[in-house]
Amino acid sequence: VFDEFQYLMGQENDIVSQFLAVWEQTLKHTDISIFLSGSEIETMRNLERGDSPLYGRLSWRTKLRGFDYFDAAKMMGDWEERTKIRAYSIFGGMPQYLSFIESDIALPDNVIRDFLATGGRLYLQLENLVEQEKGIRKPERYAAVLSAIANGQTRRNEIEQYAGLSGHTD
C-alpha cells in the first residue's frame, strides 16, 4: 500500500512509469496487489487519464468517506446516545480520530487530551483544518474563536471579547 502516493509522483509521472516497469517485468504473474492511495483527488484522478502510464490498468477505484454517525457510534463504547452524538459532532467520522476515543473516560477529557492540549494527537489537525478549509477568508478569526472556547469562554459575548472580535459583523 502506497498512501499519499501524490507525494511520490511529484510533478512528473516518472515514478508511475517505474512502478509499471517493475510490475510488467517482475510482479505481473504473482498474487501481489498494489494499492495506491492519496488525498489529492485531482492527482489520483490523473492516474487514469489517457496520457498516464496507468491508463486502463487500474482495476478498482473508490473515494473513501468518513463514517456516518451509526458506524462512528460503534467505536464509542457504552456511552449514552447523547454523548455519542456530541462526540460525533466533535470528532466527526474520521476512523483515525475516533480510534483515539477512550469511552472509559468522560468526553470532555477526551477532547481536552486530544484536541486542546498542546501535545494532543489532534491538536495540530485542528489548527490546520481551519487554515485548509476553502472559502474561509480570515482563518485567524476562526482560530481566535477556537482559542476563546478552549479557554473556557462559553457565551457569545465572552467569546467575542476574548477573541477581540467585539463589533465585527463579518
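**Note on an all-helix chain**

1. **Overall layout.** Read along the sequence, this chain runs α-α-α-α-α-α-α-α-α-α. That comes to 10 helices and 0 strands. Please keep in mind that the model is predicted. The chain has 170 residues, and 24% of them are buried. Take the contacts between residues at least 6 apart in sequence: 37% of these join residues at least 24 apart.

2. **Helix α2, its length.** Start with α2, which covers residues 14-27. How far apart are its end C-alpha atoms? They are 19 Å apart. At 1.5 Å a residue, its 14 residues should span 20 Å, so the model agrees with the expected span.

3. **Helix α2, its two sides.** The buried residues here are Val16, Leu20 and Leu27. They cover an arc of only 100° around the axis, which puts them on the same side of α2. Those buried residues pack against α1 (5-9). The face turned away from the buried side looks otherwise: Gln25 and Thr26 are exposed there.

4. **The largest pocket.** Its volume is about 1900 Å³. The lining holds 36 residues. Which of them lie nearest the centre? They are Leu36, Ser37, Gly38, Met44 and Thr62.

5. **Who lines the pocket.** Three helices, α2, α3 (41-46) and α6 (95-99), each supply at least two residues of the lining. The largest share comes from α2, with 4 residues. By residue class, the lining of the largest pocket divides into 18 nonpolar, 8 polar and 10 charged. So α2 deserves a second look: its buried residues pack against α1, and α2 also contributes to the pocket lining.

6. **Helix α5, the buried face.** This helix spans residues 81-91, and its buried residues are Thr83, Lys84, Ala87 and Phe91. Seen down the axis, they fall within an arc of 100°, so they line one face of α5. What do they pack against? The partners are α4 (69-73), α6 and α7.

7. **Helix α5, the outer face and the end.** Arg82 and Ser89 are exposed, on the face turned away from the buried side of α5. After α5 comes Gly92, whose phi is positive, near 70°.

8. **Pro95 in α6.** Pro95 lies in helix α6. Is it buried or exposed? Pro95 is partly exposed, with a relative accessible area of 33%. Leaving aside neighbours within four places in sequence, Pro95 is in contact with Phe67 and Met75. Phe67 is 28 residues away along the chain, yet the two C-alpha atoms are separated by 7.0 Å. The helix that holds Pro95 is also one of those supplying the lining of the largest pocket.

9. **Asp114 in α7.** Helix α7 covers residues 107-116 and includes Asp114. How much of Asp114 is accessible? The relative accessible area is 0%, so Asp114 counts as buried; the cut-off is under 20%. Beyond its neighbours within four places in sequence, Asp114 is in contact with Phe91, Phe100, Gly120, Arg121, Leu122 and Tyr123. Of these, Phe91 has come up already, as a buried residue of α5. This contact fits the wider picture, in which the buried residues of α5 pack against α7, among other helices.

10. **Leu126 in α8.** Leu126 belongs to helix α8, residues 123-132. Leu126 is partly exposed, at a relative accessible area of 24%. Leaving aside neighbours within four places in sequence, the contacts of Leu126 are with Phe115 and Leu146. Phe115 is 11 residues away along the chain, and its C-alpha atom is separated from that of Leu126 by 6.8 Å.

11. **Ser147 in α9.** Helix α9 takes in residues 139-150, and Ser147 is one of them. At 33% relative accessibility, Ser147 counts as partly exposed. Which distance is worth checking on the display? Try Ser147 to Ile159, 12 residues apart along the chain: their C-alpha atoms are separated by 8.9 Å.

Key:
Residues are numbered from 1 along each chain as its sequence is written. This is a predicted model: local features need pLDDT of at least 70, side-chain atom pairs count only at pLDDT 80 or more; totals for chains, interfaces and linings use all residues. Side-chain values use heavy atoms; hydrogens and water are left out. The expected span of a helix is 1.5 Å times one less than its number of residues. Buried means under 20% relative accessible area, exposed over 50%, partly exposed in between (1.4 Å probe, protein chains only). The arc is that of the directions from the helix axis to the C-beta atoms. Contact means heavy atoms within 4.5 Å. On a 1 Å grid over the protein atoms alone, a cavity is a set of points where a 1.4 Å probe fits but cannot get out, and a pocket is an open set with protein on both sides within 12 Å along at least five of seven lines; lining residues have an atom within 4 Å of a point. Grid points are joined across faces, edges and corners, and a volume is the space filled by probe spheres set on the points. Ala, Val, Leu, Ile, Met, Phe, Trp, Tyr, Cys and Pro count as nonpolar, Asp, Glu, Lys and Arg as charged, and the others, Gly among them, as polar.
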